[in-house]
Amino acid sequence: HAADAHRTDLMTITRFVLNEQTKHPESRGDFSILLSHIVLGCKFVCTAVNKAGLAKLLGLAGETNVQGEDQKKLDVLSNEVFIKALVSSGRTSILVSEEDEEATFVEPAKRGKYCVVFDPLDGSSNIDCGVSIGTIFGIYMIKDGHEPTLDDVLQPGKNMLAAGYCMYGSSCTLVLSTGSGVNGFTLDPSLGEFILTHPDIKIPKKGKIYSVNEGNAKNWDGPTTKYVQSCKYPTDGSSPKSLRYIGSMVADVHRTLLYGGIFLYPGDKKSPNGKLRVLYEVFPMSFLMEQAGGQAFTGKQRALDLVPEKIHERAPIFLGSYDDVEEIKNLYAAEEKN
Ligand code: P6P
């Protein structure tokens, strides 16, 4: 009974990562321990996000909660949970969070060999209307043997060992790559475990959806304008693409990964580097797209080749189905020639 076997073969994210680890005999389980702390943070945020509406109802999200403490905003709370979980893992040396202006350097006694860059609650402006939001993270290995410095996190995205996101929506889904493909896990609240539900995710080679904030069209450059035009008025006889834009990166990227298509946050006249942050939005999502057979481009280069100079710098991003991104790469290349 294959179905029964499937039901009883509960592949949890912990087991999955341990299996992965057997491929790296040299590793001493540090990565599995680090990941288990990231997973703990995601579980906490999942329950907190799901209660957010109720918390408002119960007045907990007002100025003070029942203990008379100032109720923290969910993204501030999530950030504190992740920072504490990552420091207590004893496997990290530097943490970069969207919520903190400066990087966190872990005290020597608790240092480990990894750096984690993360956005604890991306899209948090969407919480009050119930739109899916998420945690995005990337993991680097610190450069060998010296005092950790910012250089350990200002590495190109291609040096990441792992990247992933956890989407808090109708279900809590964690999508992860450790460099050999992409796998999706869904939280089973009754077990408190992330179960493998989307093994070996591959993005369709070409999609029928484009995802961009058309409200910025006035400021777009030539190639982006031409590309979006070709989505709406195709000249090769194909049917127009559909526009789907949620305005929450994790949700837009998750749909793109599963259904195919392209997600764009271009640079424009007002903000030449676009809006999305390199370390903890562009790199992790680009890493996942490449691992799933897609690609990610900044308008100038392969996104993962970019070398960041500042921990919160931004970059334009075009990511998704291989063929769709190839089209916009060709338009930028043609512009270069002129
Ligand atoms: P815009 C959310 O605020 C966010 O950082 C991403 O999650 C999302 O993709 C983007 O900004 C949406 O930006 O300018 O279209 O509202």
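In the predicted model, F297, F318 and Y332 are linked into a cluster by ring pairs. A search of the whole structure returns 7 aromatic pairs. One of them joins F82 and F118, whose ring centres are 5.8 Å apart and whose planes meet at 50°, a tilted arrangement. Because F82 belongs to helix α4 and F118 to strand β3, this pair ties together parts of the chain separated by 36 residues in sequence. F82 is buried, with a relative accessible area of 3%, and F118 is likewise buried, at 2%.

Within the cluster, the pair formed by F318 and Y332 is also described as tilted, because the ring centres lie 5.5 Å apart and the planes are at 55°. F318 is located in strand β13 (residues 317-320) and Y332 in helix α8 (residues 322-337), so the pair connects parts that are 14 residues apart in sequence. F318 has a relative accessibility of 1% and counts as buried. For Y332 the relative accessible area is 10%, and this residue is buried as well.

Nonpolar packing was examined next. In soluble globular proteins, nonpolar side chains tend to be buried together. The largest nonpolar core of the model comprises 38 residues, and I13, I139, Y168 and F194 have the most contacts inside it. At least two residues of this core come from each of the helices α2 (13-21), α3 (30-57) and α4 (74-89), and the same holds for the strands β3 (111-122), β4 (133-141), β5 (162-168), β6 (172-177) and β7 (183-188). The greatest contribution to this core is that of α3, which supplies 10 residues. When neighbours within four places in sequence are left aside, the contacts of I13 are L35, V39, L174, L176, F185 and F194. Another core lies apart from the largest one; this second set has 24 residues, including V250, Y265, A292 and A303.

According to UniProt, residues 203-332 carry the feature "domain: Fructose-1-6-bisphosphatase class 1 C-terminal", taken from an unreviewed entry. Over this range the chain is 36% helix and 12% strand. The C-alpha atoms at the two ends of the range are separated by 23 Å.

Helix α7 spans residues 278-291, and 12 of its 14 residues are buried, so this helix is largely enclosed by the rest of the structure. Its buried residues are V278, L279, Y280, E281, V282, F283, P284, M285, S286, F287, L288 and M289. Just after α7, G293 adopts a positive phi of about 95°.

The ligand is surrounded by D122, G123, N213, Y245, G247, S248, M249, Y265, K275 and E281. Of these residues, E281 is also among the buried residues of α7, and Y265 is also a member of the core of 24 residues. An N or O atom in the side chain of Y265 is 2.6 Å from an oxygen atom of the ligand. For K275, a polar side-chain atom lies 2.9 Å from a ligand oxygen. M249 approaches through the backbone, where an N or O atom is 2.8 Å from an oxygen atom of the ligand.

Methods
Residues numbered from 1 in each chain as written. Predicted model: local features only at pLDDT ≥ 70, side-chain atom pairs only at ≥ 80, totals over all residues. Heavy atoms only, no water. Core = buried A, V, L, I, M, F, W, Y, C linked by side-chain atoms within 4.5 Å. Buried < 20%, exposed > 50% of the residue type's maximum accessible area, 1.4 Å probe, protein only. Helix = DSSP H or I, 4+ residues; strand = E, 2+ residues; numbered from the N terminus. Contact = heavy atoms within 4.5 Å. Phe/Tyr/Trp six-rings, centres within 6.5 Å; stacked < 30°, edge-to-face > 60°. UniProt positions renumbered as here; feature names shortened; annotations may be inferred. Near = heavy atom within 4 Å. Polar contact = N/O pair within 3.5 Å; in protein donor to acceptor, adjacent residues only side chain to side chain.
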